[in-house]
Amino acid sequence: MTMFRYDHIPGVIEIIKEAEDKLHNATGYNLRIAIISKDNELVASLAHLCCEIWNIELAELKKLSRKQEHVVMRYILGWLLYKETDYSQQEVAEYLGYKDRVSILNVAYEIQAFVFTKDPLFYQYYKPVKHLFSEQNKV
């Protein structure tokens with residue numbers, strides 16, 4: 001099994017599969033490639049892109065305001081960063097200014113609730129950034 005968080009990028013799976021086949025032919029072993037990196041630049045880029053689309057400053061979003069719009073945007077951004085980067089729940093929580101990773105666990109439940117209830121405020125902020133999610137992580 002190939003592990004790569006950006007497998008939705010065209011051609012990546014094919015390149016990795018070809019490399020795995022070459023390794024197998026050269027060694028006789030079924031070796032698998034795992035690409036692991038801390039991609040701080042990707043996290044920052046996704047966060048800033050979302051904030052630009054939503055017309056809000058990242059610093060404002062990180063203030064943990066209880067304004068419903070800000071809460072929804074933070075949930076979406078937390079879900080995006082957790083699902084589409086190699087950041088752990090704890091790292092996403094710290095990046096967004098939460099106290100601990102439990103907040104990111106809560107994000108998953110909240111996203112499910114928004115989808116289940118077809119919450120219009122959620123979709124107002126999710127639809128403009130939906131294209132940033134890989135197919136398997138879209139709601």
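**Close-up views of a helical protein model**

**View 1. Contact between helices H4 and H6 in the predicted model.** From H4, the residues Val72, Tyr75, Ile76, Trp79 and Tyr82 meet Ile104, Asn106, Val107, Ala108, Glu110, Ile111 and Phe114 of H6. By residue class, this contact of H4 with H6 divides into 10 nonpolar, 1 polar and 1 charged. The two axes come within 9 Å and cross at roughly 115°, which makes H4 roughly perpendicular to H6. The crossing of H4 and H6 is left-handed.

**View 2. Overall arrangement of the helices.** The protein has 7 helices and 0 strands, and its pattern along the sequence reads α-α-α-α-α-α-α. Of the 139 residues in the protein, 36% are buried. Among contacts with a separation of 6 or more, 56% are between residues 24 or more positions apart.

**View 3. Contact between helices H2 and H4.** H2 and H4 pack with their axes 10 Å apart and at an angle of about 150°. Because an angle over 145 degrees counts as roughly antiparallel, H2 is roughly antiparallel to H4. H2 passes H4 in a right-handed crossing. On the H2 side the contact involves Leu42, Val43, Leu46, Ala47, Cys50 and Trp54; on the H4 side it involves Met73, Ile76, Leu77, Leu80, Leu81 and Glu84. These residues divide into 11 nonpolar, no polar and 1 charged. The charged residue is Glu84 of H4. Ile76 of H4 appears in this contact with H2 and also in the contact of H4 with H6.

**View 4. The buried side of helix H5.** H5 spans residues 89-96, and its buried residues are Gln89, Val92, Ala93, Tyr95 and Leu96. They lie on the same side of H5, because the arc they cover around the axis is only 165°. The buried residues of H5 pack against four helices: H2 (40-54), H3 (58-61), H4 (68-84) and H6 (102-117). H2 and H4 also pack against each other, and the axes of H4 and H6 cross. Gly97 follows H5 and has a positive phi, near 95°.

**View 5. Asn55 in the loop between H2 and H3.** Asn55 is not a glycine, yet its phi is positive, about 60°. Most residues other than glycine have a negative phi. Is Asn55 buried or exposed? With a relative accessibility of 71%, Asn55 counts as exposed, because the cut-off for exposed is over 50%. The loop that holds Asn55 lies between H2 and H3, and both of these helices are packed against by the buried residues of H5.

**View 6. Leu64 in the loop between H3 and H4.** Leu64 is another residue other than glycine with a positive phi, near 60°. Its relative accessible area is 31%, so Leu64 is partly exposed, a class that lies between under 20% and over 50%. Leu64 is in the loop between H3 and H4; H4 is the helix that meets H2 through residues including Met73 and Leu77, and H6 through residues including Val72 and Trp79.

How values were computed. Residues are numbered from 1 along each chain as its sequence is written. This is a predicted model: local features need pLDDT of at least 70, side-chain atom pairs count only at pLDDT 80 or more; totals for chains, interfaces and linings use all residues. Side-chain values use heavy atoms; hydrogens and water are left out. Buried means under 20% relative accessible area, exposed over 50%, partly exposed in between (1.4 Å probe, protein chains only). Helices (H or I, at least four residues) and strands (E, at least two) are DSSP runs, numbered from the N terminus. The arc is that of the directions from the helix axis to the C-beta atoms. Contact means heavy atoms within 4.5 Å. Axes are lines fitted to C-alpha atoms, for helices over the stretch in contact, and angles run from 0 to 180 degrees between N-to-C directions. Angles under 35 degrees count as roughly parallel, over 145 as roughly antiparallel, 65 to 115 as roughly perpendicular and the rest as oblique. A crossing is left-handed if the near helix is turned anticlockwise from the far one by less than a right angle, and right-handed if clockwise.
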